[in-house]
Amino acid sequence: MPAVDLMSFDHEAVWRPWAVAYFLLVGTGAGAALLLAYARLVRVAEAKGALIVATSFALASGLPLLADLHQPARFMHFYSGSAPASIMWWGSWFLPLFIASTLLLAFMTGRRGNAPMCGGERMLTMIVGALALCILGYTAGEMSVVAARPVWNTLGFPIVLILTALMSGAGATMTIDSLNGEKGEGRYMLVVTGAATLVAFGLWMLTDTNLSTLAADYAPVGLFGAFIIAGVVVPVVLAVSAKASLLLRGVSGALAVFGALAFRWSTFNGAQLMSKTETAFYGHEAALSQDALRTLAGSAGLLILSLIFVTLLINLLAVRASKQTQA
């Protein structure tokens with residue numbers, strides 16, 4: 001009977017911190033876009049905060065993606081041919097359409113001012129919601145198909161990834177609304193998706209030994225403390241008890257975004273530190289490495305600029321529309 005030797009060698013992680021930033025930003029934007037579609041089409045509410053979050057986060061997601069590709073020119077290769085069997089190929093179309101549609105919706109919303117929504121804006125809102133679903137599906141599928149990473153290649157991973165994106169979208173909306181002195185939308189969505197996240201993550205932990213190994217060997221405090229407690233349980237409790245308190249709403253929303261970041265950081269980086277050929281665990285990815293700090297600073301700066309740009313765009317167009325109406 002032949003014997004087989006398995007050998008491992010040192011190599012750089014393929015998915016760097018820029019991937020964490022991209023999946024957080026685009027997932028949060030998609031979650032806020034779905035909240036926006038629900039608020040406008042079902043509850044007949046403006047949901048200005050959700051629109052700002054969806055547009056800003058979508059706009060800011062492009063740079064981390066290009067940085068993660070290592071060679072930005074690779075992005076153009078998706079358009080030089082057809083590869084319908086590739087999830088990334090579909091994503092290369094979904095992302096620019098999602099960014100463009102949210103920007104157009106923000107422009108239309110600001111331009112009409114206080115006037116009621118027209119049929120075209122309602123249709124565009126539906127398109128934004130549909131593209132948000134495509135974004136969530138492609139990002140979850142893009143990672144779950146990687147058979148070389150047992151933690152990703154499970155049923156639980158894409159479910160929790162999508163739920164935390166929805167939670168983050170609702171949380172970011174609550175934070176923006178509270179800063180604007182408004183109750184806004186997102187509270188009920190955060191509570192529902194947070195509860196669903198706890199159930200899904202618990203079932204995943206009980207049925208997936210690979211995740212249990214990652215949690216035990218990589219960062220049990222980070223994974224359970226930062227993600228489950230600070231990133232899910234506390235935001236849900238604060239959202240339930242917030243009611244009229246803008247401060248509690250804002251803190252709850254910010255913690256929900258942090259929870260989504262903690263989950264992506266632990267599973268994206270931690271899974272790559274587990275051997276592909278053995279059950280061993282190698283090293284530890286420093287959370288405050290130069291690469292990580294550069295990613296966080298760059299992504300945060302770009303997000304702030306996007307938030308300022310989108311907010312000014314909507315408000316200035318609204319002021320202009322109001323003046324034209326008075327004239």
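**Exercises on an all-helix model**

The accessible surface of the protein comes to about 15,500 Å², and carbon and sulfur atoms hold 70% of that area. The model is predicted.

**Exercise 1.** Determine which secondary-structure elements the protein contains and how they follow one another.

*Solution.* Begin with the count: the protein has 12 helices and 0 strands. Next, read along the sequence, which gives the pattern α-α-α-α-α-α-α-α-α-α-α-α.

**Exercise 2.** State what share of the residues is buried, and what share of the contacts with a separation of 6 or more links residues 24 or more positions apart.

*Solution.* Buried means under 20% relative accessible area. By this cut-off, 51% of the 327 residues are buried. Turning to contacts with a separation of 6 or more, 76% of them join residues 24 or more positions apart.

**Exercise 3.** Describe the span of helix α2 and explain why the helix is largely enclosed.

*Solution.* Helix α2 covers residues 48-60, a run of 13 residues. From first C-alpha to last, α2 reaches 18 Å, close to the 18 Å expected at 1.5 Å a residue. The buried residues of α2 include Gly-49, Leu-51, Ile-52, Val-53, Phe-57 and Ala-60. Because 11 of its 13 residues are buried, α2 is largely enclosed by the rest of the structure.

**Exercise 4.** Identify the members of the largest nonpolar core that touch the most other members, and the helix that supplies its largest share.

*Solution.* The core has 74 residues, and those touching the most other members are Phe-98, Ile-135, Phe-157, Leu-190, Phe-201, Phe-227 and Phe-263. Helix α1 (residues 17-41) contributes the largest share of this core, 12 residues.

Notes. Residues numbered from 1 in each chain as written. Predicted model: local features only at pLDDT ≥ 70, side-chain atom pairs only at ≥ 80, totals over all residues. Heavy atoms only, no water. Helix = DSSP H or I, 4+ residues; strand = E, 2+ residues; numbered from the N terminus. Expected span 1.5 Å × (residues − 1). Buried < 20%, exposed > 50% of the residue type's maximum accessible area, 1.4 Å probe, protein only. Core = buried A, V, L, I, M, F, W, Y, C linked by side-chain atoms within 4.5 Å. Contact = heavy atoms within 4.5 Å. Areas by Shrake-Rupley, 256 points an atom, 1.4 Å probe, with all protein chains shown as cover.
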